[in-house]
Amino acid sequence: MRNRSFDNPEQWDETVDHRNTARMKEIIDEIGWPSISKLSPEGASNAWLLVQHADHDLEFQKKCLALMKVEPEGEVSKRDIAYLEDRIAISDERPQIYGTQFHKNSDGQLEPLPIADPENVGKRRKEMGLETLSENQKRIQERHGRKST
């Protein structure tokens, strides 16, 4: 739905994220954070993706980030932590840490939202297993950067 609605916003169904969030809350109450060993790498990534898009429930996102951070090394993707940490920072109207969150500028190009300490963002991204900011920006622009008509 998310990919379809990017080109066709009328296909967006806001209830999907709400239903997914409600189900994730049940799962987390039952098993804790859905880590790699509890599910699989793909399952853990899918759990994170549902939380990443739970923007309507910032407190839940914060709770999940805290749970992810206390998991043992290798149980949670560092990339997933970086993306969620940035998503929460932007929702809290703070500069992001890793430069994972973008917006369209006035020219229709995607660019990162404000980044804290931008001189060191490359080092932070590398520590979290992320590609360089310029590589990421190019990939995102190619995938989603179509100009609005």
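Accessible areas here come from the Shrake-Rupley method with a 1.4 Å probe. Keep in mind that this is a predicted model.

**Exercise 1. Work out how much surface the chain shows and how much of the chain is buried.**

Solution. Start with the outside: the chain exposes about 8,900 Å², and carbon and sulfur atoms supply 51% of that area. Now go inside: 37% of the 149 residues count as buried.

**Exercise 2. List the elements of the chain in order.**

Solution. Count them up and you get seven helices and two strands. Reading from the N terminus, the order is α-α-α-α-α-β-β-α-α.

**Exercise 3. Decide how helix 4 and helix 5 run relative to each other, parallel or antiparallel.**

Solution. Take the geometry of helix 4 (residues 58-69) and helix 5 (residues 78-91): the angle is about 150°, and the axes lie 10 Å apart. Angles over 145 degrees count as roughly antiparallel, so helix 4 and helix 5 are roughly antiparallel. Their crossing is left-handed. The residues making the contact include Leu58, Leu65 and Met68 of helix 4 and Ile81, Leu84 and Ile88 of helix 5. Sorted by class, this contact has seven nonpolar, two polar and five charged residues.

**Exercise 4. Do the same for helix 3 and helix 5.**

Solution. Helix 3 (residues 41-52) packs on helix 5 at about 5°, with the axes 10 Å apart. The cut-off for roughly parallel is under 35 degrees, so helix 3 is roughly parallel to helix 5. On the helix 3 side you'll find Ser45, Trp48, Val51 and Gln52, which meet Asp80, Tyr83, Leu84 and Arg87 in helix 5. By class, that gives four nonpolar, two polar and two charged residues.

Notes
Residues numbered from 1 in each chain as written. Predicted model: local features only at pLDDT ≥ 70, side-chain atom pairs only at ≥ 80, totals over all residues. Heavy atoms only, no water. Axes fitted to C-alpha atoms, helices over the stretch in contact; angles between N-to-C directions. Helix = DSSP H or I, 4+ residues; strand = E, 2+ residues; numbered from the N terminus. Parallel < 35°, antiparallel > 145°, perpendicular 65-115°, else oblique. Left-handed = near helix turned anticlockwise from the far one by under 90°. Contact = heavy atoms within 4.5 Å. Nonpolar A, V, L, I, M, F, W, Y, C, P; charged D, E, K, R; others polar. Buried < 20%, exposed > 50% of the residue type's maximum accessible area, 1.4 Å probe, protein only.
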